[in-house]
Amino acid sequence: MSKRSWPLWEVFIRSKNGLHHKHVGSLHATDSQMALENARDVYTRRNEGISIWVVESKSITASDPAQGEELFEPAADKIYRHPTFYKLPDEVKHI
Amino acid sequence: MNTTELERDFQNKIDNEIRIEPKDWMPDNYRQTLIRQISQHAHSEIVGMLPEGNWITRAPSLRRKVALLAKVQDEAGHGLYLYSATETLGIERDETIEDLNSGKAKYSSIFNYPTLTWADIGAIGWLVDGAAIMNQVPLCRCSYGPYARAMVRVCKEESFHQRQGYEIMLTLCRGSEAQKNMAQDALNRWWWPALMMFGPSDSDSPHTAQSMKWKIKRFTNDELRQKFVDITSPQADFLGISIPDDNLKWNEDEGHYDFGEPAWEEFYDVIRGNGPCNAERLNARKKAYNEGSWVREAALAYAKKKSNSENLVQVA
């Protein structure tokens, strides 16, 4: 049965110019054109967007939550990457 | 990490209000509970289109007709958001739909009651969508991310459903005697099934404790039912029609309404398949699925042919 099912697509919507496209959900469609049309009907019935991206779910490579520590921990102890790490006297303004 | 450690970490995340996302480790029971609950929720949205669809062609004005069309289209959308959330748990859409068609998966019992008059459309919007909102608002904070996010969208859209229903009731109740009687009759038929939508009493709801611990559920069935009665009773008073419950009265000491016990035998009987419309609803779903199969296959064949010819053009 699974052989005959339509591919899964992820849908991203830009709500207005100036903002990123944001993931809103997924849907099934046979091709990119149908995915766009379905995304419009399913995810933008109330002016939620002015632009839609669809991408076939199988094309997305995602990081593995189990590797979270090795990927993201190194950033946690680098507090010198934040402006508050640098102590300056109060007299110094606009910095 | 061994399973005990994984389970401890998992529960810690839940306790600290950290959402669980699709690729995170989760206990198998948590996954199965969610698959069952979210897919039943999706099926309810889809089957829920049937009783209302019954009145689209007979809506009393164009204004009512466009509203009802938009509402039914929303229910389809809600079903799709929820099917897509179910799929993040690793079950195929076709399998989910197969479970509905075979009768293995359930949907909300409320949709096994018929819509006999136009007032039923008002009562459904007011009471059935009202009860659904009561259930769904806490689900916006459900521990499983994709379900919670789908619920946020659903709740935003659902509030128009309830208001259009109440507006229908209000118009009927401020109309002729016959119209008001029609509204009362609809309230009489939908009140108890609406109360049953919250599920059995807490004492008969074996999964509640676990679901609360996992923060899939935030309130018990009885808590939500009480809240629904407290909010709905004054709305019925404003309409000037009576809720069909002799035991319904304001309890000053408790700060809540007292109300009668739903007929749970009827509830279980409808779940077992003996409601007025169980067979009709399921047959309508199966018919739509089977008669649509050639469309699904043709669309796939067309996409394949188109992609083949595009490839040929690229090669040339």
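**Close-up views of a two-chain model**

**View 1. The buried residues of helix α1(B) pack against two other helices of chain B, α2 (28–47) and α9 (208–213).** Keep in mind, in this view and in the others, that you are looking at a predicted model. Helix α1 of chain B covers residues 3–15, which makes 13 residues. From its first C-alpha to its last it reaches 18 Å, close to the 18 Å expected at 1.5 Å a residue. Which residues of α1(B) are buried? They are B:Phe10, B:Gln11 and B:Ile14. Because these residues cover an arc of only 95° around the axis, they sit on the same side of α1(B).

**View 2. The second largest pocket draws its lining from both chain A and chain B.** The volume of this pocket is about 1,300 Å³, and 42 residues line it. To find its centre, look for A:Glu10, A:His23, A:Val24, A:Gly25 and A:Ser26, the lining residues that lie nearest to it. Four elements give two or more residues each to the lining: strands β1 (8–14) and β2 (21–28) of chain A, and helices α4 (62–87) and α7 (145–173) of chain B. Which element gives the most? That is α7(B), with seven residues. Sorted by type, the lining of the second largest pocket has 17 nonpolar, 11 polar and 14 charged residues.

**View 3. Here are two residues with a positive phi, A:Asn47 and B:Glu17.** Most residues other than glycine have a negative phi, which makes this pair worth a pause. A:Asn47 is not a glycine, yet its phi is about 55°. You will find A:Asn47 in the loop between α1 (32–43) and β3 (51–56) of chain A. Is A:Asn47 buried or exposed? With a relative accessible area of 75%, A:Asn47 is exposed, since exposed means over 50%. B:Glu17 is not a glycine either, and its phi is about 60°. B:Glu17 also belongs to a loop, in this case the one between α1 and α2 of chain B. Its relative accessible area of 37% makes B:Glu17 partly exposed.

**View 4. B:Arg93 in helix α5 of chain B touches residues of both chains.** Helix α5 covers residues 93–101, and B:Arg93 is part of it. How much of B:Arg93 is accessible? The relative accessible area is 11%, so B:Arg93 counts as buried, the limit for that word being under 20%. Setting aside residues up to four places away in sequence, B:Arg93 touches A:Leu27 and A:His28 in chain A, along with B:Leu80, B:Tyr83, B:Ser84 and B:Glu87 in chain B.

**View 5. B:Thr115 is a buried loop residue of chain B.** The loop in question runs between α5 and α6 (118–139). The relative accessibility of B:Thr115 is 7%, so this residue counts as buried. What is B:Thr115 in contact with, once its neighbours within four places in sequence are left aside? The list is B:Pro51, B:Asn54, B:Trp55, B:Asp120, B:Ile121, B:Ile124 and B:Trp190. If you would like a distance to trace, go from B:Thr115 to B:Cys173: they are 58 residues apart in sequence and 18 Å apart in space, C-alpha to C-alpha.

**View 6. Two glycines of chain B, B:Gly79 and B:Gly273, each belong to a helix.** B:Gly79 is in helix α4, and its relative accessible area of 0% makes it buried. Leaving aside neighbours within four places in sequence, B:Gly79 is in contact with B:Ala42, B:Glu45 and B:Ile46. The C-alpha atoms of B:Gly79 and B:Thr117 are separated by 25 Å, and these residues are 38 residues apart along the chain. B:Gly273 is in helix α11, residues 264–274. Is B:Gly273 buried or partly exposed? At 33% relative accessibility, B:Gly273 is partly exposed. How far is B:Gly273 from B:Ser108? They are 165 residues apart in sequence, while 12 Å separates them in space, C-alpha to C-alpha.

Technical notes: Residues are numbered from 1 along each chain as its sequence is written. Chains are lettered from A and ligands numbered from 1 in the order in which they are written. This is a predicted model: local features need pLDDT of at least 70, side-chain atom pairs count only at pLDDT 80 or more; totals for chains, interfaces and linings use all residues. Side-chain values use heavy atoms; hydrogens and water are left out. On a 1 Å grid over the protein atoms alone, a cavity is a set of points where a 1.4 Å probe fits but cannot get out, and a pocket is an open set with protein on both sides within 12 Å along at least five of seven lines; lining residues have an atom within 4 Å of a point. Grid points are joined across faces, edges and corners, and a volume is the space filled by probe spheres set on the points. Ala, Val, Leu, Ile, Met, Phe, Trp, Tyr, Cys and Pro count as nonpolar, Asp, Glu, Lys and Arg as charged, and the others, Gly among them, as polar. The expected span of a helix is 1.5 Å times one less than its number of residues. Buried means under 20% relative accessible area, exposed over 50%, partly exposed in between (1.4 Å probe, protein chains only). The arc is that of the directions from the helix axis to the C-beta atoms. Contact means heavy atoms within 4.5 Å.
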